[in-house]
Amino acid sequence: SGLSQEAGSVEQLSLHCAEGSLEWLYPTGALRLRLAPRLPPTTAAVKGGSPRHVTACVKPTGTFRGAQLYLEREGVLELLLPEAPRPRARCFSWLPQEKVALFLQATPHPDISRRIAAFRYELRGDWLARPALPAASLGAEGACRPCNDTEILMAICTSDFVIRGSIRSVSNDAELQESIIGVSAARIHRQKFPLFQAGGRPGRPMGSIRTPLRCGVKPGPGTFLFTGWLHFGEAWLSCAPRYRDFQRIYEGAQRARQNPCEFPVD
């Protein structure tokens with residue numbers, strides 16, 4: 001609570017968890033949030049390559065008021081969330097040796113009405129391998145590109161969800177710049193959380209997967225293998241080959257003994 005802070009003071013905090021939330025009541029002065037995710041040793045560097053980026057995303061609540069959020073990178077501030085922002089996620093990345101922080105600064109108001117500056121955050125070490133996030137700063141020029149064979153084989157091994165199914169519908173949210181793909185699941189190979197669940201009547205589990213609006217997803221026939229990541233509790237698309245194409249790719253890699261993990265193919 002800002003009521004316990006001195007006017008004009010800057011409170012220092014560190015964010016170590018992979019994800020969490022912050023709620024600041026009656027914002028006064030500023031909060032400086034140091035980003036220090038606990039990353040596994042393999043994340044810091046790639047064998048024979050350059051260090052990987054670390055990725056963070058912030059998403060304001062619909063009632064975010066009383067402050068503005070800045071990204072502080074090597075002493076330079078960049079506005080991430082103005083006061084009363086749209087409830088959209090903002091993502092950014094940095095190299096492990098760079099010094100970054102979030103700077104949450106209270107905005108002056110003539111009255112003392114109750115305001116809450118609250119947001120959720122996610123800290124990740126390896127999202128840049130194949131980002132499926134709605135943020136231009138994450139190299140999103142690749143978010144709409146079809147996955148190559150290697151990316152498809154890695155996606156079935158590492159994704160948060162792997163769902164075989166068909167597209168039931170596609171709806172577009174112009175304000176959030178997102179497309180929502182309604183999916184009917186024929187088989188759930190993996191899901192870290194129950195994203196796809198059976199409806200009230202007997203039938204296939206249903207769920208939705210999001211992708212940037214600019215990718216221009218259209219409904220179409222056929223069976224796909226949907227893979228992707230959880231982002232603030234929502235499923236985001238990574239690779240989605242037609243299932244028959246995936247079978248061909250996987251069986252070819254299996255013959256060459258190049259498949260990174262075992263996967264049930266029928």
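Mentor: Let's start with a ground rule: two residues are in contact when heavy atoms of theirs lie within 4.5 Å. Also, this is a predicted model, where local features need pLDDT of at least 70, side-chain atom pairs count only at pLDDT 80 or more, and totals for chains, interfaces and linings use all residues. Residues are numbered from 1 along each chain as its sequence is written, and side-chain values use heavy atoms, with hydrogens and water left out.

Trainee: Okay, the big picture then. How many helices and strands does the protein have?

Mentor: Helices (H or I, at least four residues) and strands (E, at least two) are DSSP runs, numbered from the N terminus. Here you get 3 helices and 14 strands. If you take the contacts with a separation of 6 or more, 65% are between residues 24 or more positions apart.

Trainee: And what share of the residues counts as buried?

Mentor: Buried means under 20% relative accessible area, exposed means over 50%, and partly exposed is in between (1.4 Å probe, protein chains only). Of the 266 residues, 44% are buried.

Trainee: Let's zoom in on helix 3. How do I check its length, and what do its ends say?

Mentor: The expected span is 1.5 Å times one less than the number of residues. Helix 3 has 13 residues, so it should span 18 Å, and its end C-alpha atoms are indeed 18 Å apart.

Trainee: Which residues of helix 3 are buried, and what covers them?

Mentor: The buried ones are Tyr-243, Phe-246, Gln-247, Ile-249, Tyr-250 and Ala-253. Their cover includes helix 2 (149-158), strand 10 (161-173) and strand 13. Now look from the other side: the buried residues of helix 2 are Glu-151, Ile-152, Leu-153, Ala-155 and Ile-156, and helix 3 is among the elements that cover them, along with strand 10, strand 11 (178-191) and strand 13.

Trainee: I see several aromatic residues in helix 3. How do I read those, and how many aromatic pairs are there in the whole structure?

Mentor: Rings of Phe, Tyr and Trp (its six-membered ring) pair if their centres lie within 6.5 Å; planes under 30 degrees apart are stacked, over 60 edge-to-face, and the rest tilted. The whole structure has 6 such pairs. One of them joins Tyr-243 and Phe-246, a tilted pair with 5.9 Å between centres and 40° between planes. These two sit 3 residues apart in helix 3, about one turn. Phe-246 also forms a tilted pair with Tyr-250, at 5.8 Å centre to centre and 35° between the planes, and here the spacing is 4 residues, again about one turn.

Trainee: Why does that spacing bring side chains to one side?

Mentor: An α-helix has 3.6 residues a turn, so residues three or four places apart point the same way. Ring pairs link Tyr-243, Phe-246, Tyr-250 and Phe-263 into a cluster.

Trainee: Are Tyr-243 and Phe-246 buried or exposed?

Mentor: Tyr-243 counts as buried because its relative accessible area is 6%, and Phe-246 does so because its value is 0%. A charge sits over a ring if NZ of Lys or CZ of Arg is within 6 Å of the ring centre and within 35 degrees of the ring normal. Arg-164 does this over the face of Tyr-243, 4.2 Å from the ring centre.

Trainee: What does Tyr-250 touch, leaving out residues up to four places away in sequence?

Mentor: Its partners are Leu-153, Ile-156, Asn-259, Cys-261, Glu-262, Phe-263 and Val-265. Tyr-250 is buried because its relative accessibility is 1%. Its side chain also makes a polar contact of 3.5 Å with that of Asn-259. A polar contact is a pair of N or O atoms within 3.5 Å; within protein, one must be able to donate a hydrogen and the other to accept it, and residues adjacent in sequence count only if both atoms are side-chain atoms.

Trainee: Last one: which residue with a positive phi follows helix 3?

Mentor: Most residues other than glycine have a negative phi. Arg-257, after helix 3, has a positive phi near 55°. Phe-232, in the loop between strand 13 (224-231) and strand 14 (234-237), also has a positive phi, near 55°. Arg-257 is exposed because its relative accessible area is 78%, while Phe-232 is buried because its value is 5%.
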